[in-house]
Amino acid sequence: MGFDEILIKLFGKYYTEADFVEKTYAEMNKFGFDANNAIACVSVCRDEITQPLIALIRNKWGEAFNLSSLAGMFFAGQTGLAAAMHHSPNIGGKERYVFYSLPHIAIDADGRIGVCKRIGRQGESTACGALVAFQKELSEGKLNLSMDDIDIEQNLLKRRLLREIPYGHVPDLLELTKITQKVVQKDIEYALNTIVDRRKSDYAVISGVQIHGPEHNYVWVASCYAVVNEVMEKIEI
Ligand SMILES: [Zn+2]
């Protein structure tokens, strides 16, 4: 099975990162968002292999407020979100925000989930490392949920994701990544709902999974919509 077929089997439709950014920008244009009147905000993993996507979004939108944490979790909260929103252009009293949220996963040429190579390092590496570590604890039945100050983000990640996993169930890395995607989207939406003023602001939420293939990065889109003049418009990507 070729890599394209593997991606289709695991995710269905997918895009290269460049096509994803072009397409989402074009779709957002139809709803009145552009680089001059909107701020883009991004939540991806801290991993350096996620960064090309931030660069593409920044190039397209002119800037990108970084909401990222390990695994792309949304821990910036109301404070982080409010800061991003207060940095938006304000044109005629209207502000516009575009939120990109994408956890990530590596897949190698043989379809092995979580496996990648890194420049300058021998052997194989993993992505997302934070989710791999959590999945390993789950599968070994040795979950460390201590809340010491030395590993705050990973501890928060485990506590948050556990709320979405049925007790006793051990998801594999692919399932765990898709759970994470839903959690990040839900958490951004929850925080947004508490602070956004839809009478004065239009916004969009684009959520999916960033996929690191053997040669290139790709994006699977799980959900995309815009809220314009208080009306939610679903967007097919
Ligand atoms: Zn990661």
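## Packing of H2 and H3

Helices H2 and H3 pack with their axes 10 Å apart and at an angle of about 35 degrees, and the crossing that they form is right-handed. These elements belong to a predicted model, and the description that follows should be read accordingly.

On the H2 side the contact is made by Glu17, Ala18, Val21 and Tyr25, which meet Pro52, Leu53, Leu56, Ile57 and Lys60 of H3. Sorted by class, the residues of this contact comprise seven nonpolar and two charged residues, with no polar ones.

## The buried face of H3

Which residues of helix H3, spanning residues 51-61, are buried? They are Leu53, Leu56, Ile57 and Trp61. Viewed down the axis of H3, these buried residues fall within an arc of 110 degrees, and they therefore line one face of the helix. An α-helix has 3.6 residues a turn, so residues three or four places apart point the same way.

The partners of this face include both helical and strand elements: the buried residues of H3 pack against helix H2 (17-30) and against strands S2 (39-44), S5 (94-102), S9 (201-212) and S10 (217-228). Leu53, Leu56 and Ile57, which are among the buried residues of H3, also appear in the contact with H2. After H3 comes Gly62, a residue with a positive phi near 90 degrees.

## Packing of H5 and H7

A second helix pair is formed by H5 (residues 129-140) and H7 (residues 173-195), whose axes come within 10 Å and cross at roughly 120 degrees. The crossing of H5 and H7 is right-handed, as is that of H2 and H3.

In this pair, Leu131, Val132 and Gln135 of H5 meet Leu173, Leu176, Thr177 and Thr180 of H7. By class, the contact holds four nonpolar and three polar residues, and no charged residues.

## The chain as a whole

The protein chain contains seven helices and 11 strands, and its C-alpha atoms fill a box of roughly 55 × 40 × 30 Å along the principal axes. A compact globule of 237 residues would have a radius of gyration near 18 Å, and because the protein chain has 18 Å, its value agrees with that expectation.

Of the 237 residues of the chain, 39% count as buried. Among contacts with a separation of 6 or more, 68% are accounted for by residues 24 or more positions apart.

Conventions. Residues numbered from 1 in each chain as written. Predicted model: local features only at pLDDT ≥ 70, side-chain atom pairs only at ≥ 80, totals over all residues. Axes fitted to C-alpha atoms, helices over the stretch in contact; angles between N-to-C directions. Helix = DSSP H or I, 4+ residues; strand = E, 2+ residues; numbered from the N terminus. Left-handed = near helix turned anticlockwise from the far one by under 90°. Contact = placed C-beta atoms within 7 Å. Nonpolar A, V, L, I, M, F, W, Y, C, P; charged D, E, K, R; others polar. Rg over C-alpha atoms; globule rule 2.2 N^0.38 Å. Buried ≥ 20, exposed ≤ 12 C-beta atoms within 10 Å, placed from the backbone. Arc of directions from axis to C-beta.
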